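Thank you all for coming; I would like to walk through one model with you this morning. Please have the sequence and the coordinates open while I talk.

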Amino acid sequence: MKLSVVIPVFNEAENVLPLLQEIQSALASATAYEIIFVDDGSDDATPAILQDALSKIPALRVIRHAHSCGQSRALHSGISAAKYPCIATLDGDGQNDPADIMHLCAVFTQLSQIDPQVWMIAGWRKHRHDSAWRKISSKVANFVRGNLLGDNTPDTGCGLKLVLRDQFLMLPYFDHMHRFLPALILRAGGRVHSEPVNHRPRINGHSKYGTLDRLAAGIIDLMGVLWLKKRSRQVLAMEVRSE
């Protein structure tokens with residue numbers, strides 16, 4: 001499988017090199033791959049570290065936002081720039097395990113042979129290494145979102161996913177869209193499979209956003225996605241050719 005790995009980062013100077021090394025090791029069996037770090041306007045040592053790594057790692061590409069635009073825009077920038085049809089995404093904080101990438105690729109290969117409408121394999125952090133408050137708030141958010149949107153996805157917040165590039169770029173873009181990818185894919189006619197993945201405690205740095213910030217934005221976004229879902233209609237169309 002030819003694979004582009006996209007990692008959005010913001011002020012993750014302590015994590016980028018260890019994560020980069022892990023990704024390289026994990027992709028040793030891939031046919032061809034590239035690693036795209038999207039620096040979302042970091043103001044720490046992240047840009048300098050990635051710049052130095054560019055001259056040493058041929059598979060590495062770096063895209064830099066002039067200022068911080070958020071995780072969804074960083075993902076969109078990286079996936080738009082990717083040259084391979086399959087995209088693996090993961091967070092830049094080191095909590096997603098790069099060793100799971102090839103497992104998701106194998107699951108996708110198997111399922112897509114049965115059902116070509118499988119567009120995404122979503123990581124599912126069944127055993128999370130986060131604070132009790134974060135785990136509780138995520139469970140509540142997943143419950144509310146799942147019941148309203150019917151996306152049948154237990155963990156939309158996991159950064160580790162495998163998605164088809166062209167199908168992702170067909171989805172409507174908006175800020176925070178990365179939290180609603182399963183619902184957007186289902187709306188577009190694709191299917192999503194959730195697969196258990198490893199989750200690790202954060203070793204370096206700290207989270208760049210708070211629970212209340214996510215809650216306020218999430219309510220507005222949820223209403224928007226509900227509107228999109230109600231306004232969508234799947235159509236089976238085919239071209240008529242002369243006999």
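Let me begin with a question: is leucine 111 buried, partly exposed or exposed? What we have is a predicted model, and in this model leucine 111 has a relative accessibility of 23%, so leucine 111 counts as partly exposed, since the class of buried residues ends at 20%. Leucine 111 lies in helix α4, which covers residues 101-114, and, leaving aside residues up to four places away in sequence, leucine 111 touches Val118, Ile121 and His193. For isoleucine 121 we also have a C-alpha to C-alpha distance, which is 9.5 Å for a pair that is ten residues apart in sequence from leucine 111 to isoleucine 121.

Now the overall picture. The protein has 243 residues, of which 48% count as buried, and its secondary structure consists of eight helices and seven strands. If we take the contacts between residues at least 6 apart in sequence, 80% of them join residues at least 24 apart. The accessible surface comes to about 12600 Å², and 57% of that surface belongs to carbon and sulfur atoms.

I turn next to a pair of helices. Two packed helices are described by the angle between their axes and the distance between the axes. For helix α1, residues 16-26, and helix α2, residues 46-54, the axes come within 10 Å and cross at roughly 35 degrees. On the α1 side the contact is made by Val16, Leu17 and Leu20, and these meet Thr46, Ile49, Leu50 and Ala53 on the α2 side. Sorted by character, the residues of this contact comprise six nonpolar and one polar, with no charged residue. An α-helix has 3.6 residues a turn, so residues three or four places apart point the same way.

One residue of that contact deserves a slower look, namely threonine 46, which lies in helix α2. How accessible is threonine 46? Its relative accessible area is 0%, and threonine 46 is therefore buried. As for polar partners, the side chain of threonine 46 forms a polar contact of 2.8 Å with the side chain of aspartate 44, and a polar atom of the threonine 46 side chain lies 3.0 Å from the backbone nitrogen of alanine 13. Beyond residues up to four places away in sequence, threonine 46 touches Val9, Asn11, Glu12, Ala13, Val16 and Asp39.

Asparagine 11, one of those neighbours, is found in the loop between β1 and α1. Most residues other than glycine have a negative phi. Asparagine 11, however, has a positive phi of about 55 degrees although it is not a glycine. Histidine 176 also has a positive phi, near 75 degrees, and its place is in the loop between α6 and α7. With a relative accessibility of 22%, histidine 176 counts as partly exposed.

Let me move on to helix α3, residues 71-81, and ask which of its residues are buried. They are Ser72, Ala74, Leu75, His76, Ser77, Gly78 and Ile79. These buried residues pack against four strands and one helix by name, that is, against β1, β2, β3 and β4 and against α6, residues 165-170.

Next, the aromatic side chains, where the structure holds one aromatic pair. The partners are phenylalanine 174 and phenylalanine 180, and the pair is tilted, with 6.4 Å centre to centre and 45 degrees between the planes. Phenylalanine 180 is buried, as its relative accessible area is 5%. Phenylalanine 174, for its part, has its C-alpha atom 9.7 Å from that of glycine 224, although the two are 50 residues apart along the chain. Glycine 224 is found in helix α8, which spans residues 211-231, and at 31% relative accessibility glycine 224 counts as partly exposed.

I finish with strand β7, residues 191-196, in which serine 194 lies. Is serine 194 buried or exposed? Serine 194 is buried, because its relative accessible area is 17% and buried means under 20%. Not counting residues up to four places away in sequence, serine 194 touches Ala122, Trp124, Thr153 and Pro154.

Conventions
Residues numbered from 1 in each chain as written. Predicted model: local features only at pLDDT ≥ 70, side-chain atom pairs only at ≥ 80, totals over all residues. Heavy atoms only, no water. Axes fitted to C-alpha atoms, helices over the stretch in contact; angles between N-to-C directions. Helix = DSSP H or I, 4+ residues; strand = E, 2+ residues; numbered from the N terminus. Contact = heavy atoms within 4.5 Å. Nonpolar A, V, L, I, M, F, W, Y, C, P; charged D, E, K, R; others polar. Buried < 20%, exposed > 50% of the residue type's maximum accessible area, 1.4 Å probe, protein only. Areas by Shrake-Rupley, 256 points an atom, 1.4 Å probe, with all protein chains shown as cover. Polar contact = N/O pair within 3.5 Å; in protein donor to acceptor, adjacent residues only side chain to side chain. Phe/Tyr/Trp six-rings, centres within 6.5 Å; stacked < 30°, edge-to-face > 60°.
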